[in-house]
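Notebook open, coffee poured. I want to go through this one from the surface terms up to the overall shape.

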Amino acid sequence: MKDTTLILIAVLMAVAGMLALTTSGADYAAEKLFYQAMRAYKEIALNPDVVPPGVLSRVERDLKKILQRYPKSKTAKL
């Protein structure tokens with residue numbers, strides 16, 4: 001019983017390790033910045049008169065940051 005449990009735990013840890021390696025890249029970070037920028041852009045598009053002026057500059061800054069930090073990511077190619 002202990003051997004089976006230890007084998008299952010080892011397999012689980014190996015799968016978790018492989019998943020961690022596949023998600024650790026520039027694509028996730030770039031997509032996260034892109035999502036935040038697009039969420040702010042939606043607020044601007046709904047009512048541009050009410051949005052503070054700093055929000056628009058923040059969206060532009062985030063999009064430029066994606067292009068500078070992650071030029072080879074799929075998100076930057078959009």
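First, my exposure bins: buried is under 20% relative accessible area, exposed is over 50%, and partly exposed is in between, with a 1.4 Å probe and protein chains only. Bookkeeping next: this is a predicted model, where local features need pLDDT of at least 70 and side-chain atom pairs count only at pLDDT 80 or more, while totals for chains, interfaces and linings use all residues. Residues are numbered from 1 along each chain as its sequence is written, and side-chain values use heavy atoms, with hydrogens and water left out.

**Overall shape**

I counted 3 helices and 0 strands in the protein; helices (H or I, at least four residues) and strands (E, at least two) are DSSP runs, numbered from the N terminus. The order from the N terminus is α-α-α. I looked up the radius of gyration (over C-alpha atoms) and got 20 Å, against near 12 Å for a compact globule of 78 residues. That globule rule is 2.2 Å times the number of residues to the power 0.38. The C-alpha trace spans about 65 × 25 × 15 Å along its principal axes. Buried residues are 18% of the 78.

**Helix H1**

I checked Ala14, which sits in H1, and it counts as partly exposed because its relative accessibility is 41%. From Ala14 to Arg69 I get 30 Å, C-alpha to C-alpha, with their places 55 residues apart in sequence.

Leu19 is also in H1, residues 2-23. Is Leu19 buried or exposed? It is exposed, at a relative accessible area of 53%. Leu19 joins Ile7, Val11, Val15 and Met18 in a nonpolar surface patch of about 470 Å². My patch rule takes residues with over 30% relative accessible area and no salt bridge, joining nonpolar side chains (Val, Leu, Ile, Met, Phe, Trp, Tyr) within 5 Å and like charges within 9 Å. A salt bridge here is a side-chain nitrogen of Lys or Arg within 4 Å of a carboxyl oxygen of Asp or Glu. Areas are Shrake-Rupley with a 1.4 Å probe, and for residues only the protein chains shown count as cover.

**Helix H3**

Which residues of H3 are buried? I find Val55, Val59, Asp62 and Ile66. They are on the same side of H3, because they cover an arc of only 65° around the axis, taken from the directions from the helix axis to the C-beta atoms. Exposed Pro53, Lys64 and Gln68 are on the face turned away from that buried side.

Ile66 has 3% relative accessibility, so it counts as buried.
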